[in-house]
Amino acid sequence: MTADVWLPIPPDEIEGLPEGPDYRFWDGEEDFPADPADCAFYVVPYMKPIPLCVRPMGRMGNVQVVQTLSAGIDHVEPGLGHLPPGVRLCNARGVHEASTGELTLALILASLRGIPDFVRAQDRGEWLGGFRPALADKNVLIVGYGSIGEAIEDRLVPFEVARVARVARSERTTARGPVHPLTALPALLPEADVVILSTPLTETTRGLAGADFLSRMKDGALLVNVARGPVVDTKALLAELESGRITAALDVTDPEPPAPEHPLWRAPGVLISPHVGGPTSAFFPRAKRLLVDQLNRYVNREPLRNVILTTGASSD
């Protein structure tokens, strides 16, 4: 069996790749760089549409590893059923924490302090003063306390927040305090001034922030979504925004992107950034380090990092 490795970054731009595999550059172009049947290690193109990412997977009969460059894996899940058993799917834990943590704080601060209003006022030549909410002394709830949730809390610490509550799929204890299960949300939501969604998109979290979730948020609270658009029920969110009861800052939406006439663009109290939590200057150095580490492990038959699942394995 040949050992082709498909990379979405030109291999001559990645220092430290191990010798042995044949490296093929493919970032989603129409023509494949080689026969997909010869690919043993597939690094999925970053920030590309789902059909493009999964297009070669049905022909990768000898692939052993599928490596994403994103924290989420929902964009490759439609192709997993076409892979042979035993393929390890790995995510990019460690790549996006810094950028996503930065953007989360930027969205919170911009929303609370009224930066969009200031920009519009500047365009009009208007001096728009007045009091605005501060992040200091606020209660913050992080829903989805994985590595990105931890990175967000790291960046919250200097802002003198009153409290950070943490929620994840499984209850546990960390050095910073308890992580509550999802079942604790009804009790925690009414206490939070800022609710941050940083959870993966799964069948459990799809529509998690629906009408009941949103109705439990306190008046004047801010919802921040840096997870995936479908974690929030857009129709339910629009109802809350249009009532003026809560505000929102969204790096991801459902649909994504919204059509130009979609009411989300013009809803009161919403700030939208175009899914830019990950693509910053911090991405490439961290992505390259991950790939070098993973490929050295692969060549040397060492355990891979960030294995999310193995195809054909029992979910028990």
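A cavity here is a set of grid points where a 1.4 Å probe fits but cannot get out. Keep that in mind for the exercises, and remember that this is a predicted model.

**Exercise 1. Work out how much space the largest cavity holds and what surrounds it.**

Solution. Start with the volume: about 50 Å³ of space lies in the largest cavity. This cavity belongs to a set of two in the structure that reach 30 Å³ or more.

Next, look at the walls. The lining is made of N225, G229, V232, T234, L237, L250, V252, T253, D254 and L264.

Now sort them by class. Five residues are nonpolar, four are polar and one is charged.

**Exercise 2. Find the lining of the second largest cavity and say which element gives the largest share of it.**

Solution. First, the volume: the second largest cavity has about 30 Å³ of space. Its walls come from N139, V140, L141, R163, A165, L188, E191 and A192.

Then assign residues to elements. β6 and β7 are the elements that give two or more residues to this lining, and β6 has the largest share, with three.

Finish with the classes: five nonpolar, one polar and two charged residues.

**Exercise 3. Decide whether strand β6 is enclosed or open, and trace its partners.**

Solution. Step one is burial, and the cut-off is under 20% relative accessible area. Four of the five residues of β6 (residues 139-143) are buried, so the rest of the structure largely encloses this strand.

Step two is pairing. β6 runs parallel to β7 (residues 163-168), and five bridges join them. If you want a landmark for that pair, pick V140, which stands opposite V164 in β7.

β6 also pairs with β10 (residues 194-197), again in the parallel sense, over four bridges. The landmark here is I142, opposite I196 in β10.

Step three is the connection. β6, helix α5 (residues 147-156) and β7 make up a β-α-β unit, and the unit is right-handed.

**Exercise 4. Pick out the residues that touch the most other members of the largest nonpolar core, then list the elements behind that core.**

Solution. The core has 32 residues, and L141, F213 and L223 touch the most other members.

Now go element by element. Two or more residues come from each of β6, β7, α6 (185-188), β10, α7 (211-216), α8 (234-243) and β12. Of these, α8 gives the most, with four residues.

You can tie this back to the earlier exercises: L141 also lines the second largest cavity.

**Exercise 5. Describe the second largest pocket, from its centre out to its lining.**

Solution. The volume is about 490 Å³. There are 25 lining residues, and the closest to the centre are S111, T247, G269, V270 and L271.

Which elements give two or more residues to the lining? They are α3 (97-113), α4 (115-124), β12 (247-250) and β13 (270-272).

As for chemistry, the lining divides into 13 nonpolar, five polar and seven charged residues.

**Exercise 6. Track down the unusual backbone angles in the loops.**

Solution. Here's the yardstick: most residues other than glycine have a negative phi, and most peptide bonds are trans.

Check the peptide bonds. D254 and P255 are joined by a cis bond with omega of about 5 degrees. Another cis bond runs from E256 to P257, with omega near -10 degrees. P255 sits in the loop between β12 and β13, and P257 is found in the loop between β12 and β13 too. D254 has already turned up in the lining of the largest cavity.

Now check phi. E160 is not a glycine, yet its phi is positive, about 60 degrees. You'll find E160 in the loop between α5 and β7. R301 also has a positive phi, near 60 degrees, and is likewise not a glycine. R301 lies in the loop between α9 and β14 (307-310).

Last, accessibility. The cut-off for exposed is over 50%. E160 has 58% relative accessibility, so it counts as exposed. R301 has 79%, so it counts as exposed.

**Exercise 7. Place S281 and say whether it is buried or exposed.**

Solution. S281 is in the loop between β13 and α9 (283-299). Its relative accessibility is 71%, so S281 counts as exposed.

For distance, take N306 as the second point: S281 and N306 are 25 residues apart in sequence, and 22 Å apart in space from C-alpha to C-alpha.

Terms used. Residues are numbered from 1 along each chain as its sequence is written. This is a predicted model: local features need pLDDT of at least 70, side-chain atom pairs count only at pLDDT 80 or more; totals for chains, interfaces and linings use all residues. Side-chain values use heavy atoms; hydrogens and water are left out. Buried means under 20% relative accessible area, exposed over 50%, partly exposed in between (1.4 Å probe, protein chains only). Two strands pair if DSSP finds at least two bridges between them. A crossover is right-handed if, with the strands pointing away from the viewer, the path from the first strand over the helix to the second runs clockwise. On a 1 Å grid over the protein atoms alone, a cavity is a set of points where a 1.4 Å probe fits but cannot get out, and a pocket is an open set with protein on both sides within 12 Å along at least five of seven lines; lining residues have an atom within 4 Å of a point. Grid points are joined across faces, edges and corners, and a volume is the space filled by probe spheres set on the points. Ala, Val, Leu, Ile, Met, Phe, Trp, Tyr, Cys and Pro count as nonpolar, Asp, Glu, Lys and Arg as charged, and the others, Gly among them, as polar. A nonpolar core is a set of buried Ala, Val, Leu, Ile, Met, Phe, Trp, Tyr and Cys residues joined through side-chain atoms within 4.5 Å.
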